[in-house]
Protein chains: 4
Amino acid sequence: MDFSYDARTEELRGRLLAFMDEFVYPAEPVLAAQLADPAREPWTVPAVIGELKAAARARGLWNLFFVDKHGLPGEEGAGLTNLQYAPLAEITGRSVLLAPPALNCAAPDTGNMELLAQFGSEEQKKQWLEPLLAGEIRSAFAMTEPDVASSDATNITTRIERDGDEYVVNGRKWYITGAMNPDCRILIVMGKTDPDAPAHRQQSMILVPRDTPGVTVVRGMTVFGYPDEDHGGHAEILFEDVRVPAGHLIGEEGSGFAIAQARLGPGRIHHCMRAIGVAERALELMCRRVVERVAFGRPLAEQGVVQDWIAEARVRIEQARLLVLKTAWLMDTVGNRGAHTEIQAIKIAVPATVEWILDKAVQAHGAAGVSQDTALAQLWAGNRTLRLADGPDEVHKRSLARRELKRHLG
Amino acid sequence: MDFSYDARTEELRGRLLAFMDEFVYPAEPVLAAQLADPAREPWTVPAVIGELKAAARARGLWNLFFVDKHGLPGEEGAGLTNLQYAPLAEITGRSVLLAPPALNCAAPDTGNMELLAQFGSEEQKKQWLEPLLAGEIRSAFAMTEPDVASSDATNITTRIERDGDEYVVNGRKWYITGAMNPDCRILIVMGKTDPDAPAHRQQSMILVPRDTPGVTVVRGMTVFGYPDEDHGGHAEILFEDVRVPAGHLIGEEGSGFAIAQARLGPGRIHHCMRAIGVAERALELMCRRVVERVAFGRPLAEQGVVQDWIAEARVRIEQARLLVLKTAWLMDTVGNRGAHTEIQAIKIAVPATVEWILDKAVQAHGAAGVSQDTALAQLWAGNRTLRLADGPDEVHKRSLARRELKRHLG
Amino acid sequence: MDFSYDARTEELRGRLLAFMDEFVYPAEPVLAAQLADPAREPWTVPAVIGELKAAARARGLWNLFFVDKHGLPGEEGAGLTNLQYAPLAEITGRSVLLAPPALNCAAPDTGNMELLAQFGSEEQKKQWLEPLLAGEIRSAFAMTEPDVASSDATNITTRIERDGDEYVVNGRKWYITGAMNPDCRILIVMGKTDPDAPAHRQQSMILVPRDTPGVTVVRGMTVFGYPDEDHGGHAEILFEDVRVPAGHLIGEEGSGFAIAQARLGPGRIHHCMRAIGVAERALELMCRRVVERVAFGRPLAEQGVVQDWIAEARVRIEQARLLVLKTAWLMDTVGNRGAHTEIQAIKIAVPATVEWILDKAVQAHGAAGVSQDTALAQLWAGNRTLRLADGPDEVHKRSLARRELKRHLG
Amino acid sequence: MDFSYDARTEELRGRLLAFMDEFVYPAEPVLAAQLADPAREPWTVPAVIGELKAAARARGLWNLFFVDKHGLPGEEGAGLTNLQYAPLAEITGRSVLLAPPALNCAAPDTGNMELLAQFGSEEQKKQWLEPLLAGEIRSAFAMTEPDVASSDATNITTRIERDGDEYVVNGRKWYITGAMNPDCRILIVMGKTDPDAPAHRQQSMILVPRDTPGVTVVRGMTVFGYPDEDHGGHAEILFEDVRVPAGHLIGEEGSGFAIAQARLGPGRIHHCMRAIGVAERALELMCRRVVERVAFGRPLAEQGVVQDWIAEARVRIEQARLLVLKTAWLMDTVGNRGAHTEIQAIKIAVPATVEWILDKAVQAHGAAGVSQDTALAQLWAGNRTLRLADGPDEVHKRSLARRELKRHLG
């Protein structure tokens, strides 16, 4: 047992921390200004992100997430383990609107790239994975539906029906993150090809270019008032008799559920890694604030309750980070299936921990904390969705509990 | 001891509940549509609110908050006690964006009207209180400043300086609720007239018409992404050499702190009353949702964890409501000063309780809960500010604790 | 609506508070000394309690709990309403080991007396109720069984079988509070007379004198290490072919479940009333402690975290008390059935609130808090059992939630 | 970074787990019976513990805690690192009344042995350390005083005064764990040798044989009703003109504070390691219980709320264990001082986590959970003291917060 990062990780951490200081943090006010510019075309990605991408790529800080290169040629990914990537993802979480896209490590593209690398055909890889790895286009993952509890995949109502050489897609999706962004060219859509098959063989995934006739991007959904323009929002999308070639199906018919499961494990850990970085940033902001702010004759930092928050925040972050790191290590050593309990555990624990810390950081900032003048409120809103995205905590807890019960009872 | 509402309250509750059913709930989607209309002039009040005001006034559901009429002629207020008003305010909280303004019972006007009635000169009453009571104009209360911890009024940096027959105001305020609204004609500004006076005699309040030269409404502040367009937003306002006649000063120089204290008690209880209504609405929405939503083969309503939330919500609401009602009764019977502990207690307890319930209601709604398609996320954001507006919980707890310690040890 | 106590209540509160000051608090160290005396006969009631009983009875502070006198002659009860009794019960909770037995208002006798008054035959009343009302004997209520989840009364396995003019009782009970006490002469035993009847008509209650052949008091159960010698402990009792006359059955065969329900409502509210008093005492002890105790150069009372506890404690007590009082009022005005939700609500809310406060009081006392030198640890242990006695919180929450769901959806 | 135990740890874990199965768990009912035997001499150690000691020693499971052998000859300790010992200590926590003393790894002897090894003179080691390492005698650590907040060592009032070739000790200590046990032969007493020295140079430690004239063991203090007879209880001890040779002073005059600091770090981590084992045992008991217990027609294990507890317990244990392990690793790699933040963090986090889990396990067991028939209530009480022993959480949080603030702002 050894709690130190290996040399490769340390070297990359050093470069990434330098990149954060030199490029990312200074770009935060630039991003805010570009987003606030009334002349901006709605939903377009602010220019500063493109500049950061170029800078990151030039420094080899590119596609670090791409753990398993699946036989792809060398430049497309750093070839890190999950355990090596985790501390880097955490650092990107310290500026979560800028650093992940700058490094081409932002959701949902990361999960989509992994999915295409693992399950895509050669043609699919060439057409969609390559430009994604190059950061030329963006993508979305269309699973959640407004009308059903999508945490239970058997509820999915979108239909994908074979008609000759084509598939025809009909359905309504929402909270399709990134899909408001005009750079988002391709949607991975989950739907049912065979509603009469066994429960977990009914679903398939299919690639639908965003400009296919019949695809209507209805509106942007908001998250506690935030449209999330910086990362392409969250679209409601209507699919009406959308026709794509049969070759756009990913894998085989009926494999959608299995592919979704494969995609979600890494997706969850990426979110959790970044969320630890969010928490560290929030704690830092809180510490700076309470030292500067004076009320009733002394800095807030001298208030016992504020000190209690700070101590609790540190204690909780340390525990959460270690569990994320161990989960990454398990994924590397025994695979995603072997890490199932731990992946669920961090999905349950990390967002709740980070929410608590963000709440206290908001409180320490007073009105500024809920405003557009600090990142805290928006970070809170983004983190809050992690408690329900990709299955609410309650579903994961029930599943984890059942395994625990089984473990004790043979 | 008697826990039943009196006849006058019951009669008004009946009329108000009917008004909610007939006018207010049906107007909710209308409000949403009017707010979403791209052709709308920014910050203007949607037309539906004016229609509701007319309907409410016609039914005698007008200025119910106006507990002490301070010798004003008969029509300006219902002449209710706090205890009679409380259950009515709760009902308005069930549709908190619509019902309070419809009844001319919305913050910050309510507090401002009370303040003018109690401390305003006859001329001030004529010029500002009368049109406020008539619902013709709206107002704002400019106390919070971005640069200091405003919960400690001695921190206020805005200056109000006498210059001949005028006062000159200089300073920067923010989160001035309602002040983005063009119907907001008058600002009550807190500032220091004498920084060398004893700590609680330095401040004064002065009336500043919003269109006075030197007043710049800089921008709308957001609350967790919400601009709160429906009720005039939250302005940042710059005061640069703003000159108003000396007669605009409220009360005498040095009385600002005392006036603020007098204003805040009723303001806090009004917020808490409405917040109970918010919680009831959230619980109702949660109950309806979980019965309809099916996951893993059964309605969410049959999940033990969801039932636990519902029971906890009911138990917490009942306790919180009773404390609010008792506080109202104390204000009526022993005055705001005698109810000081209870006013602080509800300020501490109610927003936290309501936040917990809203959080669970959001969770039960999944993605819809954080979206613009239910009221929950916006209600959450509005309620969250109550934990820090008008003094963060921590300040009130410390103060309450000190009185408790004194009580045992005096 | 009126939050003031009526004149009768105020008058009794005055007398009771004086009695507490004059008799009860001074007797606390006497009780501790008598319990610690190695020469004491195990399980006997310390003499000081008898002395207090005489003093209380002489002052008319006797059987105050006995709300409905059920036509009994005048002296046996104060004839108070639940709402009048509640604030008195709270006061007794401030010295919960001494005051309730002193006033003949201690569980489980109170519930047993109510039960006999309501459902007992004339002969049963004469034989058992009269000496109980006179404080000459004590009683126990034997419902909980070690082998089944007794919150679900259909699980009860004890058998009560008719055999000629007698009933024969067989079964094992535990946590039969008070039954270690040699003054405990009579047990009310719940068992099944007809296992084949509908689920809620299988049970009956029967009177079993503690000295009946076949009754074995096996041992005293402990509560977090406390044998609770002062109030007769908690017995495990074995019933082996215990024969009692048929006339010992209470009510008719099959009425046991209904009688239990009738008994539990008032029992729950009595516990909650006293628990509020426990919380007040704990808060007072905490306040005194933190003012006296100095660490790192200043009294604990100046620590922000300690102040936070004190404020929270006050805020929570106020809410909990009001809900208890409202529940009492509902029981008086609409009956136990009409107060069902509120009775469950206080059963859920009050012990949890009081536990939180006791925990903080313990913490503020350091090692003394967990020791025999303050009452806090024992109070904590006693209060902890309220979260599971008479149905665990989880059962009550589920039931309450179902009613809430029905209310919204009916 | 590597989360797998090394080979030495795995080998020892295997042997220890086998020892638990073969010897320790079967001895649990034996211990209970021996403790309950009315013929037992009070405070003597039950015979079963001696038998387990012999068995453990024969299997090389002896003094595993003794990380740094400080040049002592080979057999006296396993020579493990903290990181190697931690998972073994956790396993002993699964039967915390039996396994730690069986392996000669029980507090307070462990800390006392470390202290003597590190700071004792050769003669002190010979006289006291050797029989302690051999498990022939036991010891106690007398620091806490009833009259002062002992978390602030400058408060200590016990005097240690030089008088010729002797020191004279006067003072009162309490909660001196183990000191009721007649096998406890030696007390390490903290007191002030020079009240006029700088704050952290006033204290010294001295060895006082328990049978020295002037030492009065006044009484056993209880912990929530438990006298903790199995491990020598918690004594109140009066020191009246107790004379010991000058050579009994440990280290030099004025070094007491520094020695205490050195002792507490490892002491805290040992407690936390074992507490993780306690939590695992509680979770296992809870899982077994809820599967067997049926209420309202189905096993408790199918209740959503119970599943929520189980999942939360697992998630919390995993996080807590990792933080303990990392702390052990830091102590090994950068020393106790370098691990200061983490030692405080686990001191704060682990007892609270374990308390939460024990509470839920108690609740799942109903009345049995608070009784003497399961270990849960006693485990809860023992764990509860960890939140205040050796400095209450609040003191550690404040200290940790100050370092965090400094880190961000230095």
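Trainee: How many residues of chain A are in contact with chain C?

Mentor: This is a predicted model: local features need pLDDT of at least 70, side-chain atom pairs count only at pLDDT 80 or more, and totals for chains, interfaces and linings use all residues. Residues are numbered from 1 along each chain as its sequence is written, while chains are lettered from A and ligands numbered from 1 in the order in which they are written. Contact means C-beta atoms, placed from the backbone, within 7 Å. Chain C brings four residues, and the number from chain A is four.

Trainee: How do the residues on that side of chain A divide?

Mentor: Ala, Val, Leu, Ile, Met, Phe, Trp, Tyr, Cys and Pro count as nonpolar, Asp, Glu, Lys and Arg as charged, and the others, Gly among them, as polar. The split is one nonpolar, two polar and one charged.

Trainee: Is H7(A) roughly parallel or antiparallel to H8(A)?

Mentor: Helices are DSSP runs (H or I, at least four residues), numbered from the N terminus. H7(A), residues 256-292, packs on H8(A), residues 304-338, at about 160°, with axes 10 Å apart. Axes are lines fitted to C-alpha atoms over the stretch in contact, and angles run from 0 to 180 degrees between N-to-C directions. Over 145 degrees counts as roughly antiparallel, so H7(A) and H8(A) are roughly antiparallel.

Trainee: What relation links chain D to chain A?

Mentor: Copies are superposed by least squares on C-alpha atoms of residues with pLDDT of at least 70 in both. Chain D fits chain A with an RMSD of 0.0 Å after a turn of 180° and a shift of 0.0 Å along the axis. The relation is therefore that of a two-fold axis.

Conventions
Contact = placed C-beta atoms within 7 Å. Helix = DSSP H or I, 4+ residues; strand = E, 2+ residues; numbered from the N terminus. Parallel < 35°, antiparallel > 145°, perpendicular 65-115°, else oblique.
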